[in-house]
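The following paragraphs lead through a protein–DNA model, beginning at the contacts with the DNA and ending with the packing of helices. Please keep the sequence and the three-dimensional view open while reading.

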Protein chains: 2
Amino acid sequence: MISLEQQKNPNPEDFPSELQGLRMTKQRREVLAVILAERDHPTANDVFSRAQDRMSTISLATVYNCLEALVSHKLVRQVNFERESSRYCPNLSDHCHFQDEESGKIHDVVFKEGVKLEDLLELPQGTEISHLEISLKGNFGK
Amino acid sequence: MISLEQQKNPNPEDFPSELQGLRMTKQRREVLAVILAERDHPTANDVFSRAQDRMSTISLATVYNCLEALVSHKLVRQVNFERESSRYCPNLSDHCHFQDEESGKIHDVVFKEGVKLEDLLELPQGTEISHLEISLKGNFGK
DNA sequence: GCCCAAATTTGGAATTATTCTAATTCGGGT
DNA sequence: ACCCGAATTAGAATAATTCCAAATTTGGGC
Ligand SMILES: [Mn+2]
Ligand SMILES: [Mn+2]
Ligand SMILES: [Zn+2]
Ligand SMILES: [Zn+2]
C-alpha cells in the first residue's frame with residue numbers, strides 16, 4: 001500500500017485496483033498518474049494530451065469521465081476560476097487557490113492553522129457546508 | 001443624487017446619466033434596475049427575461065454587454081458557482097455566497113467584522129489580491 | 001436643429017467546454 | 001472460455017458566452 005499524498009513520480013502500476021471504492025481501470029490510473037505527476041493545475045485538455053503520451057488510444061470523453069470519477073471519489077480536486085475551464089489539483093490537503101494574473105498560473109494557498117470558517121463568516125446557525133471554494137486573483141507585488 | 005445601495009424599487013429614470021464613469025444608456029439603466037429590484041442572484045437569462053417585460057426590444061447580446069459594463073464598473077457583482085452560469089448580485093457590500101443545495105438558491109453571507117484575509121491565509125508576502133471569490137454549498141441543517 | 005464620429009445595440013453566427021448517446025470493448029467472476 | 005455490468009469510445013448535441021458586421025443611437029460642435 002502506497003501513500004499517494006506526496007509521491008513524486010507515481011507509477012500507475014503501483015496503484016491498488018481500487019481506491020476510495022473506485023475501480024482503478026487502466027484509464028483512471030493513467031489520468032490519476034498524470035495529475036499526480038506534477039504540482040500544477042491542468043485543464044481537462046491538458047490532462048488529455050499528457051495522458052495521450054503514454055496511452056495514445058485514450059479519448060477526451062474518457063478523460064472527462066475519469067476526472068469526474070476521481071473528483072467525486074475525492075482523489076483529485078476540481079478547481080474553478082470564474083468562467084475559465086475547470087482545472088484539476090492533486091493536492092488533497094486543505095487549501096485554496098491563487099491565480100497570478102500575469103502568468104495565469106494557479107498556486108496553492110494554505111490556510112493558517114486553527115482558522116475555522118465560522119470565525120470568518122456570519123453563517124446562520126445550523127448551516128452545513130458541504131463544499132467550499134476560495135479563489136484569489138492578483139499578482140506578486142509590482 | 002440617489003443612493004443605489006438600499007433602494008427598494010429603483011426607478012431607472014432616476015439614475016444619473018453617468019455612474020462610475022459609465023454612460024447610462026436606456027438598456028444599461030434597465031438592466032441595472034432589474035438587478036437592483038430584487039435581492040436575488042439572477043442569471044443573464046433571468047435578467048434578459050425580466051428586462052424584456054419593460055423593454056421588449058432589448059436583445060440578449062445587449063444584456064450580456066450591459067452586464068459586462070456594469071460589472072467592470074463595479075455597479076453589480078458577478079457570482080460564479082463551479083461551472084454553473086454566472087449570476088449577478090446587487091449587493092456591493094463585502095460578502096460571499098452560499099448556495100442551498102436543496103433549492104439551488106444563492107444567499108449572501110457576510111464576513112465577520114474585522115477579519116482580514118491575511119489572518120486566514122498563508123499568502124507569500126507582497127501578494128496583491130485584486131479579486132476574491134468565496135463560494136459555499138450546503139444546506140440548512142437536516 | 002443638423003452633422004459627424006464614436007459608442008452602443010442588435011440578430012445571428014461562431015465558439016468552446018462539457019455532456020450525452022449509442023455502440024463497442026473490457027474485465028472480474030463463474 | 002463465457003457472461004454481464006461497467007467503462008470506454010467517437011461523434012453528435014448542448015448551452016453559456018462571445019464575436020461579428022450592420023443598423024441605430026448618442027453627444028458634441030457648428
Ligand atoms: Mn471545488
Ligand atoms: Mn467575482
Ligand atoms: Zn491546488
Ligand atoms: Zn450577493
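Which atom of DNA strand D is 3.2 Å from a polar backbone atom of Ser59(A)? In this model, which is predicted, the partner of Ser59(A) is a phosphate oxygen of DNA strand D, and the protein atom involved belongs to the backbone of the residue. A polar backbone atom of Thr57(A) is likewise 3.1 Å from a phosphate oxygen of DNA strand D, whereas Thr25(A) places an N or O atom of its side chain 2.5 Å from a phosphate oxygen of that strand. The elements that contribute two or more residues to the surface near DNA strand D are helix H1 (26-37) and H3 of chain A, together with H3 of chain B, and the largest share, three residues, comes from H3(A).

Taken as a whole, the surroundings of DNA strand D comprise 16 residues, of which Thr25(A), Ser59(A), Thr62(A), Tyr64(B) and Ser86(B) come nearest. Of the atoms of DNA strand D that come within 4 Å of the protein, 82% belong to sugar and phosphate. By class, the residues of this surface divide into four nonpolar, eight polar and four charged.

The other strand can be read in a similar order. A polar side-chain atom of Arg28(B) lies 3.0 Å from a phosphate oxygen of DNA strand C, and the side chain of Arg83(B) has an N or O atom 3.3 Å from a phosphate oxygen of that strand. For Gln27(B), by contrast, the partner of the polar side-chain atom is a sugar or linking oxygen of DNA strand C, at 3.1 Å. Two or more residues of the surface near DNA strand C are given by each of helix H3 (60-72) of chain A and helix H1 (26-37) and H3 of chain B, with H3(B) giving the most, three residues.

Around DNA strand C there are 17 residues, and those that come nearest are Tyr64(A), Ser86(A), Thr25(B), Arg28(B) and Thr62(B). Sugar or phosphate accounts for 80% of the atoms of DNA strand C within 4 Å of the protein, and bases make up the rest. The surface near DNA strand C has four nonpolar, eight polar and five charged residues.

How are the two protein chains related? Chain B can be laid on chain A by a turn of 180° with a shift of 0.0 Å along the axis, and the resulting RMSD is 0.0 Å; that is the relation of a two-fold axis. Among the residues of chain B, Ile134(B) comes closest to the rotation axis, its C-alpha being at 2.3 Å. Because 100% of the interface residues of chain B are also interface residues in chain A, the copies meet through the same surface.

Within a single chain, the fold can be followed in chain A, which has four helices and seven strands, arranged along the sequence in the pattern β-β-α-α-α-β-β-β-β-α-β. The C-alpha trace of chain A spans about 50 × 40 × 25 Å along its principal axes.

One helix pair of chain B completes the picture. Helix H2 (residues 44-54) of chain B packs against helix H3 (residues 60-72) of chain B at an angle of about 115°, and their axes are 9 Å apart; H2(B) passes H3(B) in a right-handed crossing. The contact is formed by Ala44(B), Val47(B) and Phe48(B) on the side of H2(B) and by Leu60(B), Val63(B), Tyr64(B) and Leu67(B) on the side of H3(B). By class, the residues of this contact are seven nonpolar, no polar and no charged. Tyr64(B), which takes part in this helix contact, is also one of the residues that come nearest to DNA strand D.

Note on methods. Residues numbered from 1 in each chain as written. Chains lettered and ligands numbered in written order. Predicted model: local features only at pLDDT ≥ 70, side-chain atom pairs only at ≥ 80, totals over all residues. Heavy atoms only, no water. Axes fitted to C-alpha atoms, helices over the stretch in contact; angles between N-to-C directions. Left-handed = near helix turned anticlockwise from the far one by under 90°. Contact = heavy atoms within 4.5 Å. Nonpolar A, V, L, I, M, F, W, Y, C, P; charged D, E, K, R; others polar. Least-squares fit on C-alpha atoms with pLDDT ≥ 70 in both. Near = heavy atom within 4 Å. Polar contact = N/O pair within 3.5 Å; in protein donor to acceptor, adjacent residues only side chain to side chain.
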